[in-house]
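Please look at the sequence and the three-dimensional structure side by side before reading on. The report below moves through a handful of residues and the pairings they take part in.

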Amino acid sequence: MNKQLEILIERYPALAVCANDINIAFEYMKESYENGGKLLVAGNGGSAADSEHIVGELMKGFKRPRKLTDDERNALIGVNEELGTVLADNLQGALPAIALDGHPALTTAYMNDCEPLLAFAQQLNGYGKSGDVFLGISTSGNSKNVLYAATVAKAKGIKVVGLTGQKDSKLKDLADVTIQVPQTETYMIQEYHLPVYHCVCLMLEDYFFAD
């Protein structure tokens, strides 16, 4: 078992039932990043905050410094020695990820002009490409705007990962894999979501930015 998964289950034994699905989600994301893809993440309320949190862990160093390679450093310095040196000393390696709850000008324009529940789906249609991964976070697994986005993702050849509570759901029916944490109360589900996605982010960071 992956080291980070072992740590997760040691700290949260109830999440052992999710270990296989967490590993599958990691493999989907790893394969996507290896092939130049990206992660698109969406949720509502607390799950929207989780979406932003995930992007923050992937787009900069989480536990590792993620220093640039010599080739990346030299390319920056080659453009401008003064500016490039500062960039080379401070930029970090990133795993591309976009939270779809943001972009207020885009989303409010779309919601005003079109169908509000399709704002995530519109962004999947615009940003998404075959080989990407969509992570839909919904404590119930039945959030309509997340389901619409997942439908677009599937149509475009994008892997869909669901992060939900214990109950089966419409998102589970659409997703390629669903991590169903063993709780049914919304806030308790959310309390388990955080260590799950931290684990996945750590697994990805370990794989792509090993010392």
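What follows is a description of selected residues in a predicted model.

**A buried arginine in a loop**

A convenient place to begin is R66, which sits in the loop between α3 (46-58) and α4 (70-79). Its phi angle is near 55°, a positive value in a residue that is not glycine. Is R66 buried or exposed? With a relative accessible area of 3%, R66 falls under the 20% limit and is therefore buried.

The side chain of R66 meets that of E205 in a salt bridge, with a distance of 2.8 Å from N to O. Because R66 belongs to the loop between α3 and α4 while E205 belongs to helix α10 (residues 186-208), this pair ties together parts that are 139 residues apart in sequence. Both partners, R66 and E205, are buried.

A positive phi is also found at H103, where the angle is near 55° and the residue is again something other than glycine. H103 is placed in the loop between β2 (97-99) and α6 (104-113). With a relative accessibility of 30%, H103 counts as partly exposed, whereas R66 is buried.

**Salt bridges**

The pair formed by R66 and E205 belongs to a wider topic, since the structure holds seven salt bridges in total. As a general point, side chains of opposite charge can pair when their charged atoms come close. The table lists some of these bridges, with the distance between N and O for each.

| Salt bridge | Distance, N to O |
|---|---|
| R66 and E205 | 2.8 Å |
| D176 and K154 | 3.0 Å |
| D168 and K172 | 3.1 Å |

Which parts of the chain does the salt bridge between D176 and K154 tie together? D176 lies in the loop between α9 (170-174) and β5 (177-180), and K154 lies in helix α8 (residues 144-155), so the pair links parts that are 22 residues apart in sequence. D176 has a relative accessibility of 27% and counts as partly exposed, and K154, at 36%, counts as partly exposed as well.

In the bridge between D168 and K172, the two partners fall into separate accessibility classes. D168 reaches a relative accessibility of 57%, which is over the 50% limit, and therefore counts as exposed. K172, with a relative accessible area of 35%, is partly exposed.

**Aromatic rings and the residues around them**

The structure also holds four aromatic pairs. In one of them, the rings of F26 and Y207 have their centres 6.4 Å apart and their planes at 75°, so the pair is edge-to-face. Since F26 lies in helix α2 and Y207 in helix α10, the pair ties together parts that are 181 residues apart in sequence. F26 is buried, with a relative accessible area of 6%, while Y207, at 40% relative accessibility, counts as partly exposed.

Y207 also pairs with F208, and this aromatic pair is edge-to-face too, with 4.9 Å from centre to centre and 80° between the planes. F208 has a relative accessibility of 26% and counts as partly exposed. Together with Y33, the residues F26, Y207 and F208 form one aromatic cluster.

A lysine meets part of this cluster: leaving aside residues up to four places away in sequence, K30 touches L204, Y207 and F208. K30 lies in helix α2 (residues 19-34), the helix that also holds F26. Is K30 buried or exposed? At a relative accessible area of 15%, K30 is under the 20% limit and is therefore buried. The side chain of K30 also has a polar contact of 3.1 Å with the side chain of E27.

**A nonpolar patch on the surface**

The last feature is a surface patch of nonpolar residues, in which L83, L87 and L91 make up an area of about 260 Å². Among these, L87 is found in helix α5 (residues 81-90). L87 has a relative accessible area of 37% and is partly exposed.

Technical notes. Residues are numbered from 1 along each chain as its sequence is written. This is a predicted model: local features need pLDDT of at least 70, side-chain atom pairs count only at pLDDT 80 or more; totals for chains, interfaces and linings use all residues. Side-chain values use heavy atoms; hydrogens and water are left out. Helices (H or I, at least four residues) and strands (E, at least two) are DSSP runs, numbered from the N terminus. Buried means under 20% relative accessible area, exposed over 50%, partly exposed in between (1.4 Å probe, protein chains only). A polar contact is a pair of N or O atoms within 3.5 Å; within protein, one must be able to donate a hydrogen and the other to accept it, and residues adjacent in sequence count only if both atoms are side-chain atoms. Contact means heavy atoms within 4.5 Å. Patches are made of residues with over 30% relative accessible area and no salt bridge: like charges are joined within 9 Å, nonpolar side chains (Val, Leu, Ile, Met, Phe, Trp, Tyr) within 5 Å. Accessible areas come from the Shrake-Rupley method with a 1.4 Å probe; for residues, only the protein chains shown count as cover. A salt bridge is a side-chain nitrogen of Lys or Arg within 4 Å of a carboxyl oxygen of Asp or Glu. Rings of Phe, Tyr and Trp (its six-membered ring) pair if their centres lie within 6.5 Å; planes under 30 degrees apart count as stacked, over 60 as edge-to-face and the rest as tilted.
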